[in-house]
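Student: I'd like a close look at one part of this model. Could you walk me through it slowly?

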Amino acid sequence: MMKKEYENHIFSPYRVCPIGAHVDHQHGLVTGFAIDKGVDLWFNPSSDGHVHLESRSFDGIVDFDINTPSQVRQHHWGDYARGAKYALRKRFELTHGIEGALQGSLPVGGLSSSAAVLIAYVMAFAHANGISLKPFEVAQIASEAEREYIGLNNGLLDQACIALGQRDGLLFLDCDTNDYRIIQRHPDMPDFEIAIFFSGLTRSLVNSDYNLRVYECKTAAWNMLAYTDQPLKTFDKTFLRDIPKATFDKTKIAMPARFARRAEHFYTEYRRVRQGVTAWETGNMKLFGKLSFDSCESSIHNYECGSPELIAIYEIMRTLPGVWGGRFSGAGFKGACVALVDPSCKDEIERQMTARYLDQFPEYEKTFKCYFVKPADGARFV
């Protein structure tokens with residue numbers, strides 16, 4: 001199928017989160033950028049309610065009816081379209097389907113490609129059915145689809161970055177109140193690009209330890225409530241954000257060490273995001289980058305994620321010229337690392353990273369990749 005056969009074209013960007021790792025599901029504070037690589041969806045509305053999708057990135061085709069309830073997941077790339085339909089049908093009557101083609105511009109792993117795809121489908125189905133949605137509503141519907149249909153217990157970080165991102169600003173989101181603002185770049189902020197280092201390993205968050213970490217965070221919160229004789233809430237209503245750090249300081253010695261480490265990451269990351277926002281507002285890229293490195297350090301030691309490959313990339317990039325900071329991208333189980341870099345150092349960064357990483361992991365010679373991207377606007381009709 002040629003792109004020109006379609007009347008509509010949505011670009012839904014991938015995202016990176018420089019500070020604010022693994023805390024959105026505990027209602028923490030996060031930061032993020034949309035980037036200039038992502039998912040393209042070309043489509044035409046169909047009046048009969050039929051959905052027909054082809055992918056230029058994955059095998060097979062997807063066919064279903066927009067106005068019938070979604071069945072159980074089929075563990076196929078079509079689940080994301082069905083998930084978008086599921087979440088939209090909870091709010092609106094859907095009568096028009098789409099015929100379309102989907103293509104991603106970078107390999108899957110660590111940039112929230114699943115959230116980008118979901119947002120594209122939500123926007124396309126809404127457009128086909130004459131439904132007007134604000135960007136934040138798109139983010140909320142896509143997030144609900146990922147939690148309730150796909151089965152990933154995430155927060156709102158990925159979808160918010162993708163829907164709300166602005167080329168010259170940093171998204172700052174409070175995942176408890178859903179308050180957000182875009183902080184424009186300070187005039188003193190040096191020019192930067194975002195390096196993406198793909199380990200060569202792809203991953204599926206639903207099958208990783210991602211959901212397990214969410215439960216460990218909630219168990220830490222339950223421990224604190226129990227030790228201080230406070231009433232417990234059901235697990236789905238239990239979040240670390242609701243418990244003061246002073247309570248953690250009093251109770252951490254009593255709880256199993258793994259739960260204390262998960263909570264330690266949450267409370268220190270909360271502070272890092274606040275410091276990072278101030279650094280961004282004042283144009284202090286050196287401090288902003290250091291906080292991103294510190295975030296990754298806590299991800300390794302307190303949150304205990306990161307494969308040997310990702311940790312190796314992180315340790316190499318800490319020593320490279322022109323790298324201000326960086327961390328694992330996504331949940332840190334396989335996938336990629338991202339870094340904020342001086343554009344004048346890109347060639348040397350790529351040369352050194354490639355040589356040193358493949359020296360440790362020669363088996364990834366054909367799949368390891370370096371990319372350089374820039375912050376971009378959020379999901380939009382092109």
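Student: How much space lies in the second largest pocket, and which residues line it?

Tutor: Sure, and keep in mind that this is a predicted model. The second largest pocket holds about 470 Å³ of space. Its lining is made up of 20 residues, and those nearest the centre are H27, R147, N154, G155 and F239. Two elements, α3 (135–150) and α5 (210–227), each give two or more residues to that lining. The largest share comes from α3, with 4 residues. If you're thinking about chemistry, the lining splits into 6 nonpolar, 8 polar and 6 charged residues.

Now for a residue that touches F239, one of the residues nearest the pocket's centre. That residue is Q26, and you'll find Q26 in the loop between β1 (8–16) and β2 (29–46). Despite sitting in a loop, Q26 has a relative accessible area of 0%, so it counts as buried. Leaving out residues up to four places away in sequence, Q26 touches V214, C217, K218, T238, F239, L240, R241 and F266.

For another covered part, try strand β10 (residues 336–341), where 6 of 6 residues are buried. A336, V338 and L340 point one way from β10, while C337, A339 and V341 point the other way, and all are buried. β10 has antiparallel partners too: β8 (residues 193–198) pairs with it over 6 bridges, with A195 partnered to A339. Strand β9 (residues 323–329) also runs antiparallel to β10, joined by 6 bridges, and there S329 has A336 as its bridge partner.

Notes
Residues numbered from 1 in each chain as written. Predicted model: local features only at pLDDT ≥ 70, side-chain atom pairs only at ≥ 80, totals over all residues. Heavy atoms only, no water. Buried < 20%, exposed > 50% of the residue type's maximum accessible area, 1.4 Å probe, protein only. Contact = heavy atoms within 4.5 Å. 1 Å grid on protein atoms, 1.4 Å probe; cavity = no way out; pocket = protein on both sides within 12 Å on 5 of 7 lines; lining within 4 Å. Points joined across faces, edges and corners; volume = space filled by probe spheres on them. Nonpolar A, V, L, I, M, F, W, Y, C, P; charged D, E, K, R; others polar. Pairing = 2+ DSSP bridges.
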